[in-house]
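Got a minute to go through this model together? Let's ask what earns each feature its label, taking one label at a time.

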Amino acid sequence: MPSLDGTLVGAIDSGTTSSRFMLFDPHGNVVAHDQREHRQIFPQSGWVEHDPLEIWERTRQIIGATLAKAQVTHADLAAVGITNQRETTIIWERATGEPVYNAIVWQDTRTDRICQELQAQGHADLIYRKSGLPIATYFSGPKIRWLLDNVSGARSRAEQGELLFGTVDSWLIWHLTGGAHITDPTNASRTMLMDLQTLDWDDELLEILRVPRALLPTIRPSSDPAGYGTTLANGPFRGEVLLAGDLGDQQAATVGQTCFRPGEAKNTYGTGCFMILNTGSEIVHSQNGLLTTVCYQMGEQPPVYALEGSIAMAGATVQWLRDNLQLIAHASETEEIAQSVKDSGGCYLVPAFSGLFAPYWRSDARGVIVGLTRYVNRAHIVRAALESICYQTREVLEAMNADSGVPLQTLKVDGGATVNNFLMQLQADILGVEVIRPKVAETTSLGAAYAAGLAVGFWKSLDDLCTNWQVDQVWNPQIDDTQRAVGFAGWKKAVTRTFDWVDAG
């Protein structure tokens with residue numbers, strides 16, 4: 001391969017189950033990539049952890065492997081962007097870079113009691129008004145408080161400035177640059193600690209959550225011409241490359257899908273499922289269980305906001321079928337198995353393993369399989385698992401329609417599960433709208449690359465990015481409204497069976 005002399009942009013995508021590094025050309029095409037899984041650690045029921053050092057090691061490995069596959073070096077990269085699983089919380093030592101505890105993953109529910117206390121103390125309205133978020137175990141703030149309260153000496157060390165907090169983007173930026181402590185507004189807006197209007201940590205929220213400001217990273221734009229720092233010469237890039245883009249994974253996918261106009265929406269099918277609706281410069285507070293969040297901030301431009309519907313279990317439900325129930329050996333089998341039956345046989349699977357996220361926000365919920373008869377077999381349960389992804393998406397879409405007042409007619413989709421064509425047809429049927437998959441399905445990585453490339457002039461404008469977006473496949477609904485209504489009514493009934501499973505206190 002000839003020397004490309006800075007004609008590629010790289011993207012580190014540190015997700016919930018794996019990390020990947022991708023190289024993109026000016027047309028948004030993938031030149032090379034590498035991907036590696038990391039362990040999911042479940043110390044007890046409701047707890048989900050990752051090893052931060054393992055995530056860092058996987059990041060080093062994927063960068064080296066991808067550069068080798070493409071036969072390029074750091075000199076061929078114009079810039080690098082980072083995107084990451086959001087809310088997952090790491091606290092580490094400023095002096096050594098050693099984590100004080102495992103990363104507490106966004107799915108983890110150990111902070112339920114902290115959240116109940118915050119509710120009982122009457123903080124919900126203030127937190128929602130300033131941060132755009134409900135009080136929930138999902139977000140970073142309660143996780144930080146748990147770590148400071150439960151790791152020996154952590155609170156006093158944090159107050160003295162000896163410890164640092166970060167979501168995974170901050171953790172990787174710190175290691176790649178040798179000490180830059182940075183995040184962006186999309187990640188900061190998922191902590192319950194940032195004011196959506198000022199894009200800064202809010203003293204009142206910090207006091208409520210008992211989080212010292214000294215622990216927190218500096219908030220910089222998602223696409224930053226000044227960059228967050230350059231990579232270390234002895235690091236995985238083996239030379240200096242500017243880190244110039246940083247986006248939480250769902251916001252990165254929104255950028256990758258070029259949803260730059262208010263009213264445009266995308267849905268990402270990953271570990272969870274996340275639908276984002278661009279609301280432009282307006283902060284829209286949902287009346288229907290959605291989150292208000294920062295969509296992106298490009299350089300010195302004002303921030304763009306969004307409504308988001310977050311679903312905890314999507315691809316993770318299929319992973320559960322594989323690893324816990326051992327009904328399948330590989331996720332790809334679900335397409336053929338689900339099509340072997342004409343429906344789910346009256347069976348519904350509601351995967352409330354970490355409670356229910358949007359639009360319910362019920363941490364007391366737990367997963368159920370209902371409607372079982374002797375007729376139901378493995379194929380019906382597999383199909384019900386796929387349908388659960390689609391039904392949860394419909395609930396979020398209906399909430400978005402209610403908040404925006406403008407029913408969506410088409411839905412752009414991306415993420416690993418969109419390779420399942422049967423799942424995408426199910427989604428179109430259950431929603432009753434057109435579903436569109438772009439040619440580059442891994443738009444999360446692409447969005448991080450776009451943010452970094454815009455910062456350094458690799459791409460000149462958002463219009464340049466829009467010209468790269470191309471349709472791969474379109475699915476249209478193939479069932480009638482009556483079938484759709486009957487199936488959804490059964491789902492809604494099944495969801496009620498998950499409530500009140502975990503007793504308060």
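**Rings, charges, hollows and strands**

The charged end of Arg-362 sits over the ring of Phe-499, at 4.2 Å from its centre. Keep in mind that this is a predicted model.

Q: What makes the Arg-362 contact with Phe-499 fit the distance part of "over the ring"?
A: The distance cut-off is within 6 Å of the ring centre. The charged end of Arg-362 is 4.2 Å from the centre of the Phe-499 ring, so the contact passes that test.

Q: Which residue lies over the face of Trp-47, and at what distance?
A: That's Arg-110, at 3.7 Å from the ring centre. The limit is 6 Å, so Arg-110 passes on distance too.

Q: Why are Trp-106 and Phe-274 called an aromatic pair, and why edge-to-face?
A: Ring centres have to lie within 6.5 Å, and planes over 60 degrees apart count as edge-to-face. Trp-106 and Phe-274 come out at 5.8 Å centre to centre with 70° between the planes, so both labels hold. This pair is one of 21 aromatic pairs found in the whole structure.

Q: What does the pair of Trp-106 and Phe-274 tie together?
A: Trp-106 is in the loop between β7 (103–104) and α2 (112–120), while Phe-274 is in strand β16 (residues 273–280), so the pair links parts that are 168 residues apart in sequence.

Q: How do you know whether Trp-106 is buried or exposed?
A: Buried means under 20% relative accessible area. Trp-106 has 3%, so it's buried. Phe-274, with 5% relative accessibility, counts as buried as well.

Q: What makes the pair of Phe-458 and Trp-459 edge-to-face?
A: Their ring centres are 4.7 Å apart and their planes are at 85°, so the pair gets the edge-to-face label, for which the angle has to be over 60 degrees.

Q: Why does Phe-458 get its burial label with a relative accessible area of 18%?
A: The cut-off is under 20%, and 18% meets it, so Phe-458 is buried. Trp-459, with a relative accessible area of 3%, is buried too.

Q: Which residues do ring pairs link into a cluster?
A: They are Trp-106, Tyr-138, Phe-139, Phe-274, Phe-357 and Trp-361.

Q: How many cavities of 30 Å³ or more does the search find, and what makes a hollow a cavity?
A: There are 2 in the whole structure. A hollow counts as a cavity where a 1.4 Å probe fits but cannot get out. The largest cavity has a volume of about 100 Å³. It is lined by 14 residues, and the closest to its centre are Ile-311, Leu-356, Phe-357, Ala-358 and Gln-392. Both β18 (304–311) and α12 (378–404) supply at least two residues of that lining, which divides into 10 nonpolar, 3 polar and 1 charged.

Q: What volume does the second largest cavity have, and what lines it?
A: Its volume is about 30 Å³. Among the lining residues are Phe-165, Thr-183, Asn-187 and Trp-201. The lining divides into 4 nonpolar, 6 polar and no charged residues.

Q: Why is the space of about 1,000 Å³ called a pocket?
A: A pocket is an open set of points, whereas in a cavity the probe cannot get out. The largest pocket holds about 1,000 Å³ of space. Of its 40 lining residues, the closest to the centre are Thr-17, Gly-270, Thr-271, Gly-416 and Ala-417. α10 (315–323) gives the most to this lining, with 5 residues. The lining residues split into 12 nonpolar, 19 polar and 9 charged.

Q: Which element gives the most to the lining of the second largest pocket?
A: α10 does, with 5 residues. This pocket has a volume of about 570 Å³, and Phe-42, Val-48, Trp-320, Asn-324 and Phe-353 lie nearest its centre.

Q: How do you know that β1 and β5 pair?
A: Pairing takes at least two bridges. Strands β1 (residues 8–14) and β5 (residues 77–84) are joined by 7 and run parallel, so they pair. In β5, Ala-79 is the bridge partner of Val-9.

Q: What makes β3 and β13 edge strands?
A: Each pairs on one side only. They belong to an open sheet of 6 strands in the order β3-β2-β1-β5-β14-β13, with mixed pairing.

Note on methods:
Residues numbered from 1 in each chain as written. Predicted model: local features only at pLDDT ≥ 70, side-chain atom pairs only at ≥ 80, totals over all residues. Heavy atoms only, no water. 1 Å grid on protein atoms, 1.4 Å probe; cavity = no way out; pocket = protein on both sides within 12 Å on 5 of 7 lines; lining within 4 Å. Points joined across faces, edges and corners; volume = space filled by probe spheres on them. Helix = DSSP H or I, 4+ residues; strand = E, 2+ residues; numbered from the N terminus. Nonpolar A, V, L, I, M, F, W, Y, C, P; charged D, E, K, R; others polar. Phe/Tyr/Trp six-rings, centres within 6.5 Å; stacked < 30°, edge-to-face > 60°. Buried < 20%, exposed > 50% of the residue type's maximum accessible area, 1.4 Å probe, protein only. Lys NZ or Arg CZ within 6 Å of the ring centre and 35° of its normal.
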